[in-house]
Amino acid sequence: MRTRLRFAVAAAIAMLTTGYARSASNQDAIPVPPPNPFRTVAPAPSPPNTAAPAPSPAKAAAPAPSPFKTAAQDAIPVPAPNPFRTAAPAPNPSDTAAPAPNPSKAGAPAPNPSKASAPAPSPSKTEASAAYDHNTAAGFWQETDDQGRPGAWFLFVEKDGLYEGRFVKMFKEPGEQELILTCQKCTGDQKDAPMMGLTIVKGMKRYGNKYADGAILDPRDGTVYHAQMELSADGQQLSVRGYLGIPLLGQTQIWTRLPDDAIAPEDIPEDSVGPDATPK
């Protein structure tokens, strides 16, 4: 009986205590387990200790924004333009674009008409620049004496279907002190003409390997002889015969062919004429 009375009193006290705590805090609190009926009742907590502290008005709400500060002030401030400094001048189109090429330098300079073409070489040098046909008398030939000593070099060329030969190199004879430089015994346009380049074989008509109806000049005394020539089968020898009257009364020399480059084209003397020759 006494035990039951104690249990009822403890239960009533517990119910009153729990209801008061909930009404004081006005929020959900951690539930309080019912008291053990076999243990003594713990004293009820003081209301000031169980209630959660009221939030501070200064910390509970976010501070109101200042009416004098804008949101743009949170970024990096941009300085106001200086009213006393002018803006940078706009670039000149002529400075930005590449300069137009100078017409005088854009293309290759026009050739000077006076220098555009090389001067035309003389006919004698033009002919010498090409290889000679060894099936004809054209080309360089060397004349020798009975002892095989060279006396002169000749160059034969064809002009208007006729063959002619001129001095291109001379050699001193034994005991001769100096060469004869001009043909003092010659006549006509060859009077006093330089020996170098002097044409001594003229008007030779070709008949296969034989040449006839021409003339040959002896520059030592100015005598002009009838002439005949014959080319060997291999084209390396030329028989030259000068005569007076009939071919039986004459003399024959054997000339030998020289290489086509025996004399450089620029060193070949031109056909020479005397100072009183009629201009052609």
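Me: Which residue does Arg220 meet in a salt bridge?
Reply: Its partner is Asp218, and the two side chains come to 3.0 Å, N to O. The term salt bridge is used for a side-chain nitrogen of Lys or Arg within 4 Å of a carboxyl oxygen of Asp or Glu. In general, side chains of opposite charge can pair when their charged atoms come close.

Me: Before we go on, what kind of model is this?
Reply: It is a predicted model, where local features need pLDDT of at least 70 and side-chain atom pairs count only at pLDDT 80 or more, while totals for chains, interfaces and linings use all residues. Residues are numbered from 1 along each chain as its sequence is written, and side-chain values use heavy atoms, with hydrogens and water left out.

Me: Cool. Back to that pair: is Arg220 buried or exposed?
Reply: Arg220 is exposed, at 61% relative accessibility, whereas Asp218 is buried, at 14%. Buried means under 20% relative accessible area, exposed means over 50%, and partly exposed is in between (1.4 Å probe, protein chains only).

Me: How many salt bridges does the count come to?
Reply: The count is 3 salt bridges. One of them joins Asp145 and Arg149, with the closest N and O atoms 3.2 Å apart. Asp145 is partly exposed at 28%, and Arg149 is partly exposed at 38%.

Me: And which residue does Glu164 pair with?
Reply: Glu164 pairs with Lys159, and their closest N and O atoms are 3.3 Å apart. Glu164 counts as buried because its relative accessibility is 17%, while Lys159 is partly exposed at 31%.

Me: New topic, pockets. What volume does the largest pocket have?
Reply: About 1,100 Å³. The search runs on a 1 Å grid over the protein atoms alone: a cavity is a set of points where a 1.4 Å probe fits but cannot get out, while a pocket is an open set with protein on both sides within 12 Å along at least five of seven lines. Points are joined across faces, edges and corners, and the volume is the space filled by probe spheres set on them.

Me: How many residues line the largest pocket?
Reply: There are 38, and a lining residue is one with an atom within 4 Å of a point. Nearest the centre of the largest pocket are Glu143, Glu173, Asp218, Arg220 and Gln253, so Asp218 and Arg220, the salt-bridge pair you began with, turn up again here.

Me: What classes are in that lining?
Reply: It has 21 nonpolar, 7 polar and 10 charged residues. Ala, Val, Leu, Ile, Met, Phe, Trp, Tyr, Cys and Pro count as nonpolar, Asp, Glu, Lys and Arg as charged, and the others, Gly among them, as polar.

Me: Which strand gives the largest share?
Reply: S10, with 6 residues. Strands that each supply at least two lining residues include S1 (139-144), S7 (210-218) and S10 (250-257). Strands (E, at least two residues) and helices (H or I, at least four) are DSSP runs, numbered from the N terminus.

Me: Which residues form the nonpolar patch on the surface?
Reply: Ile246, Leu248 and Leu249, with about 340 Å² of accessible area together. Patch residues have over 30% relative accessible area and no salt bridge; like charges are joined within 9 Å, and nonpolar side chains (Val, Leu, Ile, Met, Phe, Trp, Tyr) within 5 Å. The areas come from the Shrake-Rupley method with a 1.4 Å probe, and for residues only the protein chains shown count as cover. Ile246 is in the loop between S9 and S10, and it is partly exposed at 44%.

Me: What about phi of Asp160, positive or negative?
Reply: Positive, about 55°, although Asp160 is not a glycine. Most residues other than glycine have a negative phi. Asp160 sits in the loop between S2 and S3 and is exposed at 81%.

Me: And where is Asp213?
Reply: In strand S7. Asp213 has a positive phi too, near 65°, and is exposed at 55%.

Me: Last one: is Met204 buried or exposed?
Reply: Buried, at 0% relative accessibility. Met204 lies in strand S6, and its C-alpha is 9.5 Å from that of Ile216, 12 residues apart in sequence.
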